[in-house]
Amino acid sequence: MPTICEKNKNEPLKKNSTQAKIEGKILLKYGTQTGSQVKIPLEIISTEDAVKKTINVKQETCTETPENGYLKEIDENLFNLPGEIPVAHCVAEDLRMRAGIAVGFKQHFGGIGQLFDQNLTVGDVGVIVNDRNETAFYMITKKSSGGKPTMQTLSVALRSLLVKMKQMNLTKLGIPKICCGLDGLDWMKVKELIASIFAGSRISITVCIPSKVFNHIPPPLLKSFITPKDLLKIEGKSDILLFVDLEQSKKSNWTNDMVDKVNARYPSFKEKLLKDIGSNLLYPGDVTTYLIKNERINCVFTSQTAYYTSLEKGFINIKKSIRSYRSFAFQSGPIKPADNFKFISRMLSILRSIIYSSELWLCGDTDQTKDKEIYENYCRNIMNEARLTYRPTTNSNRPKVGSPKQFNASLNNQRWNNTPTKKNKHRK
């Protein structure tokens, strides 16, 4: 059976022609060859079914590039490719991934915490290798999920991807029609860009363009609310989330403000926590849970070197014990400072990628005037304030000096006022 991009040496293809050869009961039907575009069938059909199936013969397009590298398009779901083929797609720097094929990547690979720990910016490429030894690349082509990529940002990200694949000695790649769905770029231009960047790289690229639309339906989003109330003053039953630095907690003089506050209300809590830290071999991402007076306290142990990765592992461990709708509470403090807002948004993105039908209360934001504010509404207000604060100088908001017509009119008025009238000339 001929392989992809393999020409029959005995019977070369004729330009702009169709050739069929029958050997026994096997019928091979070739397409046309135009320049470097060769259409090759995926099916070898028997003569008995030739009449019925010839119309439905599945074909793929292969674009040859120098040094055995090529780009081919197939009718297949990207996630159905063999696990040894790395896959890649484009995302925003905020890594929200709430629409399109990005939802499928998030569900299949996870690893949002790993990506945050890589501190990716536009033009960078993040990489995740999951527990099944499957590799996924995340090309950062825009700043925010609500924005749009450009051919320039895509070009930089593709070059970064090529470098990363060379470093990892990878020779195969699967991609969707990147940046051409919700992002709106033209696939023909994107395809030419990919071919030009990967030409001569010896990397085979498979573009999956399924004829059937695969809708990646996101799971129910975890609800999030902001309140000025302190963590320990929340009414009703809730699961308290405490993040404990594993390295610092092993020191003899270790203190943690929230641990001390919780211990002031439940005096036996810190003693039990320190006992677990001293007697158990704990790793980043481990969770110890304490039930005190019907209050559930979850301590997630974090690492300074891989902070968000340890948070992700901790949330996965917490999920294992969830059997119903849960209400989590975390002492966030004022969210508005830039660093804290960045941390809260990342933490919430990781939590939402793991735990679904529940809610999270961000407590202690004393800037809030309401007892309860929806997190999305708060973020929307923050973004609007940021846009009003930072307004780049444009023609629309530049200091108004008047149009040329207005300027000339003002000059004429000045000249008229300074020029004596005929009556004044006669008086002189």
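## Exercises on helices, ring pairs, cysteines and cores

Helix H9 covers residues 307-319, and its 13 residues reach 19 Å from the first C-alpha to the last, close to the 18 Å expected at 1.5 Å a residue. The expected span is 1.5 Å times one less than the number of residues. Helices (H or I, at least four residues) and strands (E, at least two) are DSSP runs, numbered from the N terminus.

The model is predicted: local features need pLDDT of at least 70 and side-chain atom pairs count only at pLDDT 80 or more, while totals for chains, interfaces and linings use all residues. Residues are numbered from 1 along each chain as its sequence is written, and side-chain values use heavy atoms, with hydrogens and water left out.

**Exercise 1. State which residues of H9 are buried and what covers them.**

Step 1. Apply the cut-offs: buried means under 20% relative accessible area, exposed over 50%, partly exposed in between (1.4 Å probe, protein chains only). In H9, Tyr308, Thr309, Ser310, Leu311, Glu312, Gly314, Phe315 and Ile318 are buried.

Step 2. List the cover, with contact meaning heavy atoms within 4.5 Å. The cover of these buried residues includes helices H3 (112-117) and H10 (338-352). It also includes strands S14 (239-245), S15 (287-292), S16 (295-302) and S17 (327-331).

Step 3. Take Ile318, found in helix H9, as a single case. Ile318 is buried, with a relative accessible area of 4%. Not counting residues up to four places away in sequence, Ile318 touches Leu241, Val287, Asn298, Val300, Phe328 and Ile355. Ile318 and Ile355 are 37 residues apart in sequence, and their C-alpha atoms are 8.9 Å apart in space.

**Exercise 2. Describe the pair Phe105 and Tyr138, and the surroundings of helix H2.**

Step 1. A pair of aromatic rings is described by the distance of the centres and the angle of the planes. Rings of Phe, Tyr and Trp (its six-membered ring) pair if their centres lie within 6.5 Å; planes under 30 degrees apart count as stacked, over 60 as edge-to-face and the rest as tilted.

Step 2. The structure holds 11 aromatic pairs. One of them, Phe105 with Tyr138, is edge-to-face, at 5.9 Å centre to centre and 75 degrees between the planes. The pair links distant parts of the chain, with Phe105 in helix H2 (residues 101-109) and Tyr138 in strand S10 (residues 135-142), 33 residues apart. Phe105 and Tyr138 are both buried.

Step 3. The buried residues of H2 are Ala102, Val103, Gly104, Phe105, Lys106 and Phe109. They pack against strand S8 (87-92), H3, strand S9 (125-129) and S10. Gly110 follows H2 and has a positive phi, near 65 degrees.

**Exercise 3. Classify the pair Phe330 and Phe343 and place these residues in a ring cluster.**

Step 1. Phe330 and Phe343 form a tilted pair, with 6.3 Å centre to centre and 55 degrees between the planes. Phe330 lies in strand S17 and Phe343 in helix H10, so the pair ties together parts that are 13 residues apart in sequence.

Step 2. Phe330 is buried at a relative accessible area of 9%, and Phe343 is buried at 15%.

Step 3. Ring pairs join Phe330 and Phe343 with Phe116, Phe243, Tyr307, Tyr308 and Phe315 in a cluster.

**Exercise 4. Decide how many disulfides there are and describe Cys90 and Cys180.**

Step 1. A disulfide is a pair of cysteine sulfur atoms within 2.5 Å. A search of the whole structure finds zero disulfides.

Step 2. Cys90 is in no disulfide, and the nearest cysteine sulfur, that of Cys179, is 3.5 Å away. Cys90 is buried, with a relative accessible area of 14%.

Step 3. For Cys180, the closest cysteine sulfur is in Cys179 at 6.7 Å, too far for a bond. Cys180 is buried, with a relative accessible area of 18%.

Step 4. Thr141, in strand S10, counts as buried at 1% relative accessibility. Beyond its neighbours within four places in sequence, the contacts of Thr141 include Cys90 and Cys179.

**Exercise 5. Identify the residues with the most contacts in the largest nonpolar core.**

Step 1. A nonpolar core is a set of buried Ala, Val, Leu, Ile, Met, Phe, Trp, Tyr and Cys residues joined through side-chain atoms within 4.5 Å.

Step 2. The largest core has 49 residues, of which Tyr138, Phe243, Phe315, Phe330, Met347, Leu360 and Leu362 touch the most other members. H10 gives the largest share of this core, seven residues.

Step 3. A second, separate core of 27 residues includes Met165, Cys180, Ile197 and Phe198.
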